[in-house]
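Open the model in your viewer and keep the selection panel at hand. We will go from one ligand to the other, one selection at a time.

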Amino acid sequence: MYNPPDYYLVDELLTDEHKIIRSAIRDWVDRTVKPVIDEYAQKHEYPTHLIKEMGELGAFGPFIPEKYGGSGLDHISYGLIMTELERGDSAIRSTASVQTSLVMYPIYAFGSEEQRMKYLPKLATGEWVGAFGLTEPNHGSDPGRMLTRFKDQGDHYLLNGSKMWITNASICDVAVVWAKDEEGKIRGLIVERGMEGFTSPETTKKWSLRASSTGELIFDNVKIPKENLLPNVKGLKGPLMCLNSARYGIAWGVLGAAMDCYDTALRYALERKQFKKPIASFQLQQKKLAEMLTEITKGQLLTWRLGMLKNEDRATPAQISMAKRNNVEMALKIARESRQILGAMGITGDFPIMRHMMNLESVITYEGTHDIHLLITGMDITGIPAFE
Ligand code: TGC
Ligand code: FAD
């Protein structure tokens with residue numbers, strides 16, 4: 001039975017509504033995700049049947065207003081949902097991150113009223129799956145140099161280029177794609193499945209996020225109706241504003257993976273005997289457990305405070321970068337240490353740890369790499385960008 005650590009009584013900072021939401025998602029993850037996720041990861045297959053259930057649970061667009069199918073909740077609620085989903089698997093949290101922060105958010109924040117009404121309710125229920133196309137084969141950390149372009153052809157736009165490493169590419173119904181116009185300005189376009197010239201091959205042979213679908217988005221003279229351009233944003237700040245929301249969710253999400261690893265390792269250490277004693281009685285194992293709990297506690301406090309700032313619209317992109325970077329590294333280290341506590345058992349699918357560990361190798365790279373987030377903090381402190 002999962003016993004999530006709460007050493008500094010952070011629960012006391014949550015409202016009853018927060019706890020009800022968390023408990024609903026936790027219960028769903030225990031009933032629906034936990035029993036099947038290892039099998040899907042082993043098969044390198046995405047459990048698509050979970051998407052509609054996530055929609056029913058309110059995991060898509062929790063902070064989007066109810067008028068558009070969201071739940072109108074605050075950002076602490078969004079964070080708690082991400083934590084619980086990622087305890088199940090980073091792939092499940094990824095789906096909710098992309099759908100909420102990278103597809104619904106830009107349509108809500110930068111879209112026309114017609115676009116909001118057309119897409120958001122179906123994305124909220126999971127009837128439609130979304131994808132977010134920013135990264136390209138030759139432009140990952142530097143998306144501002146993207147090559148994907150569109151031209152004005154009078155009654156439509158013509159889109160050419162390709163995106164790579166895109167979550168849910170091959171199963172998406174709609175994709176928010178970032179491309180440059182003829183003046184070189186980055187704009188957002190809504191590409192729909194079925195548009196001629198749009199293909200989305202799946203990326204295979206991943207050792208990480210094996211229960212997630214990742215692929216390419218390829219545009220070969222795709223005719224995009226003019227009404228599919230997001231009218232209210234221009235420039236790289238458009239996709240980066242979406243990333244602020246998704247990175248915030250990841251800072252919370254990875255706490256779930258870390259807590260699952262810690263909880264598993266603690267229980268194992270108390271039960272497993274060597275040299276006639278539980279391994280939890282050895283100082284070396286206690287050091288690991290004590291340090292894990294310390295880091296989880298720091299991560300919980302960081303995200304809670306960040307969430308309060310976000311609720312007040314005061315969380316800066318650099319604060320979000322710090323939390324994403326800190327918490328992902330913390331979760332990855334905890335996964336590695338927990339794996340060692342389980343000895344050989346730690347490498348099997350009977351326990352979630354190795355799966356979390358491999359997933360987190362993607363999480364530390366996507367949504368801005370560990371290095372890029374450090375440079376963002378460096379720039380914030382010194383005022384000097386060190387990217388080039
Ligand atoms: P730079 O010149 O610094 O900025 C360009 C414009 O953007 C503004 N800006 C931001 N606006 C909002 N939020 C932010 N976080 C922003 N950061 C910058 C900036 O003020 C400027 O505005 P303006 O009006 O002056 O034009 O841009 P740069 O080209 O030097 O790049 C900066 C850098 C390196 C930090 C940025 O490119 C970056 O963050 N790179 C990392 C790329 C990344 O994170 N990609 C993620 C792809 S999506 C993904 O991974 C999804 S995984 C999903 C899942 O499965 O969960
Ligand atoms: P690169 O940018 O080539 O970086 C390689 C290395 O160089 C890294 O260690 C990086 O830190 C370092 N580096 C780069 N620039 C600098 C610098 N200036 N200073 C110091 N070091 C530097 N993208 C999307 O658009 N949508 C998605 O849905 C999406 N989903 C993804 C799902 C998965 C499973 C994965 C793995 C990736 C996904 N991505 C997605 C792409 C992800 O955002 C990129 O992989 C990431 O931004 C890094 O780009 P890159 O892989 O090209 O690495």
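What follows is a tour of two ligand sites in a predicted model.

**Stop 1: ligand 1 and its shell**

Select ligand 1 and show the residues around it. There are 25 of them, and S94, T167, N244, R247 and E367 come nearest. Where does ligand 1 sit? Its place is the largest pocket.

**Stop 2: polar contacts of ligand 1**

Show side chains for T167, N244 and R247. Begin with T167: an N or O atom of its side chain is 2.8 Å from an oxygen atom of ligand 1. Move to N244. Here a polar side-chain atom lies 2.8 Å from a nitrogen atom of the ligand. Then pick R247, where a polar side-chain atom lies 2.7 Å from an oxygen atom of ligand 1. Now switch on a surface. Ligand 1 taken alone exposes 1100 Å², and the protein buries 70% of that.

**Stop 3: helices beside ligand 1**

Colour α4 (90-110) and α6 (237-271). Each of these supplies at least two residues of the shell around ligand 1. Which element gives the most? That is α6, with six residues. Next, colour the shell by class. You will find 13 nonpolar, eight polar and four charged residues around ligand 1.

**Stop 4: ligand 2 and its shell**

Select ligand 2. Its surroundings hold 17 residues; T135, S141, W165, T369 and D371 come nearest. Ligand 2, too, sits in the largest pocket. Two elements give two or more residues to its shell: β3 (156-167) and α10 (370-382). The largest share, three residues, comes from β3.

**Stop 5: polar contacts of ligand 2**

Turn on backbone atoms for L134 and W165. In L134, a backbone N or O atom lies 3.0 Å from an oxygen atom of ligand 2. In W165, a backbone N or O atom lies 2.7 Å from a nitrogen atom of ligand 2. For T369, show the side chain instead. One of its polar atoms lies 2.7 Å from an oxygen atom of ligand 2. Bring the surface back. On its own, ligand 2 has 980 Å² of accessible area, and the protein covers 68% of it.

**Stop 6: classes and domains at ligand 2**

Colour this shell by class as well. Around ligand 2 there are eight nonpolar, seven polar and two charged residues. Finally, colour domain 2 (131-228) and domain 3 (237-382) separately. Why does ligand 2 lie between these domains? Both domain 2 and domain 3 give residues to the shell around ligand 2, so the ligand lies between them.

**Last view**

Show both ligands together. Ligand 1 sits in the largest pocket, and so does ligand 2.

Note on methods. Residues are numbered from 1 along each chain as its sequence is written. Chains are lettered from A and ligands numbered from 1 in the order in which they are written. This is a predicted model: local features need pLDDT of at least 70, side-chain atom pairs count only at pLDDT 80 or more; totals for chains, interfaces and linings use all residues. Side-chain values use heavy atoms; hydrogens and water are left out. A residue is near a molecule or strand if one of its heavy atoms lies within 4 Å of it. A polar contact is a pair of N or O atoms within 3.5 Å; within protein, one must be able to donate a hydrogen and the other to accept it, and residues adjacent in sequence count only if both atoms are side-chain atoms. Accessible areas come from the Shrake-Rupley method with a 1.4 Å probe; for residues, only the protein chains shown count as cover. On a 1 Å grid over the protein atoms alone, a cavity is a set of points where a 1.4 Å probe fits but cannot get out, and a pocket is an open set with protein on both sides within 12 Å along at least five of seven lines; lining residues have an atom within 4 Å of a point. A molecule sits in a cavity or pocket if more than half of its atoms lie within 2 Å of its grid points. Helices (H or I, at least four residues) and strands (E, at least two) are DSSP runs, numbered from the N terminus. Ala, Val, Leu, Ile, Met, Phe, Trp, Tyr, Cys and Pro count as nonpolar, Asp, Glu, Lys and Arg as charged, and the others, Gly among them, as polar. Domain bounds come from an automatic or database domain assignment.
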